[in-house]
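Subject: Structure for you to look at

Hi,

Here is the structure I promised to pass on. Please open it alongside this note; my findings follow below it.

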Amino acid sequence: MSKKGTDETADSVRRPTLFPEHFLWGASSSAFQIEGGWDEGKKGMTVADYNSFRRSGIQADTRTASDFYHRWREDIGLMKELGLKMYRFSMSWARIIPDGDGDVNQEGIRFYHQVIDCLLEQGIQPFVTLYHFDLPYALVEKYNGWESRECVAAFDRYAGIVFREFGDKVAYWQVHNEQNLMVRVDERMNIKAGDAWECDRLRAQMDYHMFLAHALAVKACHELVPGGRIGPAVSSTCTYPLTNRPEDVWAARMNDWFKTDYCLDMYYDGEYPGYYMRYLEERGIVPKTGAGDREILMGARMDYIAVNYYRTLCVSYLPATGGHVPGERSFPVNEVDFDQYGYFRHVKNEYLETSAYGAQIDPMGLRTVLNLYYRRYRLPLIVTENGLGAGDVLTENGKVHDYYRIDYLRQHIEACSQAIGDGVDLFGYSPWSFMDLLSSHQGFRKRYGFVYVNRDEHDLKDLARIKKDSFYWYRRVIETNGREL
Ligand code: BG6
């Protein structure tokens, strides 16, 4: 990437905008990654806390994170200065119901009321995710989390409490953040079984229960929040075939289907697509269902789809080795990303740049997925995550010259504008992240924010908030409704 200017105005490019008048320019975050105060205000422990503590010796954990829990007023002031139209954040289920399905914690409710009121006072629309990787840990202890229908009931109750409490202030709701990615990461689901088949059985059952929970939350939102709009956020997948060999093209399709599309289809149609059902059957892991589930799944109509987009993938066909007998535990396990289907092998795309953390940067891929999802479901779309993780440097005179982030975001915003020109109904763009926060895998070494948080992996320093060059650049983008990039 070329080095761009480092002051507020340099190198902006003026072009005709295609962004509609009330486009939601936003920025995103999630509770466990910014709040800190992990056990303050009677909050319960979450799966995200539990796993971050296990890694505390190696990287920062959720105890302090970006300290939003204590500095939210200052942070919302910065959001206002940035000109945000909306702020996408998640509520911590365990702050509201510490043990997941017991007493409601009024301190937690008060905290989110204060945050939401302050956002509204500043003219910023709250866009709330119910569940972003942080299941209350007590639900794991009681029921093994999403394996049990008790967890579905607990989520349904939590969603109802939240809608009743905040429904008159919040119009936009997101159910699960990236269910399709979350279920493939054992740590996020707290899957600890040693046996690969048992892990997959659990994963399929948990996934199914999360679909039920999604459908129940969509229904509850429509009943309890007048004019409320609700949808899922998916981790989007755009996969290129390594060659035009039909098997490689098929493998690329399968990668998209298995990683993302089956999930969108399930949200939309209320049933698994054929190829996914076949996988579940062949693997012998078809989830247990209950009477009435079909009506619940088919009765929920999401209002929009939120797309989280960072990079694209490239695959070649990988023949399954050893064959497999339907229902038997011996399933071919091959070297593929997070999954085990034996159809694809991830390879490097030589046409794309790779970020320091291995993401293949591809703005055109964003235009592609927005078109694909819009044409398939004909639902409004919003981007609720997109960004570049990097090891930003704070200079001696207190600046962060993140020209690489400006480059990345500029190109992706252009891709959004092109998608709108293609006819996609895109109603917002909310990059990851408003401020530096705890990265899922690299703590505070990898930063995404417009606002630098002055702390290191283990040294909390003064946690001061420092506006990066990208802050000033994005402010201008918002001010000009995307005309100046
Ligand atoms: C998304 C998640 O998948 O990726 C975020 O919703 C996460 O929670 C983001 O932080 C970036 O990933 P990472 O691993 O760099 O933090």
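S433 sits in the loop that links β13 (426-429) to β14 (451-453). Keep in mind that this is a predicted model. The bond to check in that loop is the peptide bond from W432 to S433, which is cis, with omega near 15°. Most peptide bonds are trans.

A second backbone point concerns K42. This residue lies in the loop between α1 (31-34) and α2 (47-54). Its phi is near 65°, so a positive value turns up in a residue other than glycine. Most residues other than glycine have a negative phi.

Now the ligand. Which residues are closest to the ligand? They are E178, E385, S440, K446 and Y448, out of 13 residues that surround the ligand. Some polar pairs are worth displaying:

- N177: a polar side-chain atom is 2.9 Å from an oxygen atom of the ligand.
- W432: an N or O atom of the side chain is 3.4 Å from a ligand oxygen atom.
- H441: an N or O atom of the side chain is 3.5 Å from a ligand oxygen atom.

How much of the ligand does the protein bury? Taken alone, the ligand exposes 380 Å², and the protein buries 90% of that. Note that W432 comes up twice: its side chain has the 3.4 Å pair with the ligand, and its peptide bond to S433 is the cis one.

Last, a helix pair. Two packed helices are described by the angle between their axes and the distance between the axes. For helix α3 (residues 68-82) and helix α16 (residues 469-479), the axes come within 9 Å and cross at roughly 55°. That angle makes α3 oblique to α16. On the α3 side, the contact is made by L78, E81 and L82. On the α16 side, F471, Y474, R475 and I478 take part. By type, the residues of this contact are five nonpolar, two charged and no polar.

Best wishes

Methods:
Residues numbered from 1 in each chain as written. Predicted model: local features only at pLDDT ≥ 70, side-chain atom pairs only at ≥ 80, totals over all residues. Heavy atoms only, no water. Axes fitted to C-alpha atoms, helices over the stretch in contact; angles between N-to-C directions. Helix = DSSP H or I, 4+ residues; strand = E, 2+ residues; numbered from the N terminus. Parallel < 35°, antiparallel > 145°, perpendicular 65-115°, else oblique. Contact = heavy atoms within 4.5 Å. Nonpolar A, V, L, I, M, F, W, Y, C, P; charged D, E, K, R; others polar. Near = heavy atom within 4 Å. Polar contact = N/O pair within 3.5 Å; in protein donor to acceptor, adjacent residues only side chain to side chain. Areas by Shrake-Rupley, 256 points an atom, 1.4 Å probe, with all protein chains shown as cover.
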